[in-house]
Amino acid sequence: MFIPLHDAVELKYIRVQYVTISIIAINVLIWLFTNFSAPEVAEHASLGLGFIPAVIFNYATLDPSLVIVPDDLTFVTYAFLHIDFWHLASNMLFLWVFGDNVEDALGHVKFLAFYLICAAAGAALHGFVASSSEGPLIGASGAISGVVAAYFLLHPRVRVWVLVLFRIPLPLPAFIPLALWIVQQFAMLALDLDGMVSWGAHVGGIIAGAILVLFMRRKGVPLFDRNIVTPKAVELKPDVPRIAAATE
């Protein structure tokens, strides 16, 4: 529907979005390793680190030779794997555009916890919707859906440059593309039950992100851009005639 390109929200509490950058770097490094190694490496990683509902709910058992981490950790590890470059690039672009401001609102440590909880919530709802599925769920979409939901509640009025229909760049208030995107995820969860995209993971992340930001944001950080401040009047120097204030 749209691709985010850039927003105009400045960081207020942190200098650099260290966690956002680190998550992007880790995702890229893992993708490079798994995709430029032998083909069986990517398959082993998907099965050993991906979230497999049938294994979690004991409908199936993973071959012990494929196990990399305990089953419970796959609620999070799946979010650091991606199928191909475009899967990785789209997720990391969303995280780059929206993650820094959510990290700013929460703080570094809370944002990391927020991200991982949203990933786990996405896996949980995916598992609830497709509990007998033996296919591994991979991708950061669940976690990033939580980031999008938090940004929507924090900065709905900020203008975001988006690429509409993959070709038309437009500056839109964030609530327009983000609300449409969120509604689409819920609609597709109801309509596209057999698709290749895990809409359940997206919706799980959205719900978790919307709830968590209410409690995890810094004290004093408002919702819905209520902290937008109009520019202050120009402070006049003693030797500047007062009439100048009316003309500036």
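Where is the place of N58? In this predicted model, N58 sits in the loop between α3 (53-56) and α4 (74-77). I start there because N58 is exposed, with a relative accessible area of 69%. The backbone is the other thing to look at: phi of N58 is near 65 degrees, a positive value in a residue other than glycine.

There is a second residue of this kind. Phi of F224 is near 60 degrees, again positive and again not in a glycine. F224 belongs to the loop between α9 (199-216) and α10 (243-247). Its relative accessible area is 45%, so F224 is partly exposed.

Now the overall layout. The protein chain has 10 helices and 3 strands. Read from the N terminus, the order of elements is β-α-α-α-α-α-α-α-β-β-α-α-α. Along the principal axes, the C-alpha atoms fill a box of roughly 80 × 35 × 35 Å. The chain has 248 residues, and 44% of them count as buried. On contacts: taking those with a separation of 6 or more, 77% are between residues 24 or more positions apart.

Next, helix packing. Two packed helices are described by the angle between their axes and the distance between the axes. I have two pairs, and α6 takes part in both.

The first pair is α5, residues 85-106, with α6, residues 108-129. These two pack at an angle of about 125 degrees, with their axes 7 Å apart. That angle makes α5 oblique to α6. The crossing of α5 and α6 is right-handed. On the α5 side, the residues in the contact are L95, G99, V102, E103 and L106. On the α6 side, they are H108, K110, F111, F114 and Y115. By class, this contact has 6 nonpolar, 2 polar and 2 charged residues.

The spacing of some of those residues invites a general remark. An α-helix has 3.6 residues a turn, so residues three or four places apart point the same way.

The second pair is α6 with α9. Their axes come within 7 Å and cross at roughly 145 degrees. This crossing, of α6 and α9, is right-handed. From α6, the contact is made by K110, A113, F114, I117, C118, A121, G122, L125 and H126. From α9, the residues are G200, A201, V203, G204, G205, A208, G209, L212, V213 and M216. By class, the contact of α6 with α9 has 12 nonpolar, 6 polar and 1 charged residues. K110 and F114 are listed in the α5 contact, and both are listed in the α9 contact too.

That brings me to helix α7, residues 141-154, and two of its residues. What does V147 touch, not counting residues up to four places away in sequence? The answer is L95, F98, G99, V102, F111, F114 and Y115. Several of these have already come up: L95, G99 and V102 belong to the α5 side of the first pair, and F111, F114 and Y115 to the α6 side. V147 itself is in α7. V147 counts as buried, because its relative accessibility is 0%. For a long-range pair, take V147 and I206: they are 59 residues apart in sequence and 7.7 Å apart in space, C-alpha to C-alpha.

The other α7 residue is S145. Is S145 buried or exposed? S145 has a relative accessible area of 1%, so it is buried. A polar atom of the S145 side chain lies 2.7 Å from the backbone oxygen of S141. Beyond four places in sequence, S145 touches W181, H202, G205 and I206. One of these, G205, is listed on the α9 side of the second helix pair.

Two shorter items to finish. The first is Q17, in the loop between β1 (2-7) and α1 (18-35). Q17 counts as buried, because its relative accessibility is 10% and the cut-off is under 20%. Leaving aside neighbours within four places in sequence, Q17 is in contact with L11, W96, D100 and E103. E103 is one of the α5 residues that meet α6.

The second is helix α2, residues 39-49. Which residues of α2 are buried? They are A45, S46, G48 and L49. What covers them includes α1 and α4.

Note on methods. Residues are numbered from 1 along each chain as its sequence is written. This is a predicted model: local features need pLDDT of at least 70, side-chain atom pairs count only at pLDDT 80 or more; totals for chains, interfaces and linings use all residues. Side-chain values use heavy atoms; hydrogens and water are left out. Helices (H or I, at least four residues) and strands (E, at least two) are DSSP runs, numbered from the N terminus. Buried means under 20% relative accessible area, exposed over 50%, partly exposed in between (1.4 Å probe, protein chains only). A polar contact is a pair of N or O atoms within 3.5 Å; within protein, one must be able to donate a hydrogen and the other to accept it, and residues adjacent in sequence count only if both atoms are side-chain atoms. Contact means heavy atoms within 4.5 Å. Axes are lines fitted to C-alpha atoms, for helices over the stretch in contact, and angles run from 0 to 180 degrees between N-to-C directions. Angles under 35 degrees count as roughly parallel, over 145 as roughly antiparallel, 65 to 115 as roughly perpendicular and the rest as oblique. A crossing is left-handed if the near helix is turned anticlockwise from the far one by less than a right angle, and right-handed if clockwise. Ala, Val, Leu, Ile, Met, Phe, Trp, Tyr, Cys and Pro count as nonpolar, Asp, Glu, Lys and Arg as charged, and the others, Gly among them, as polar.
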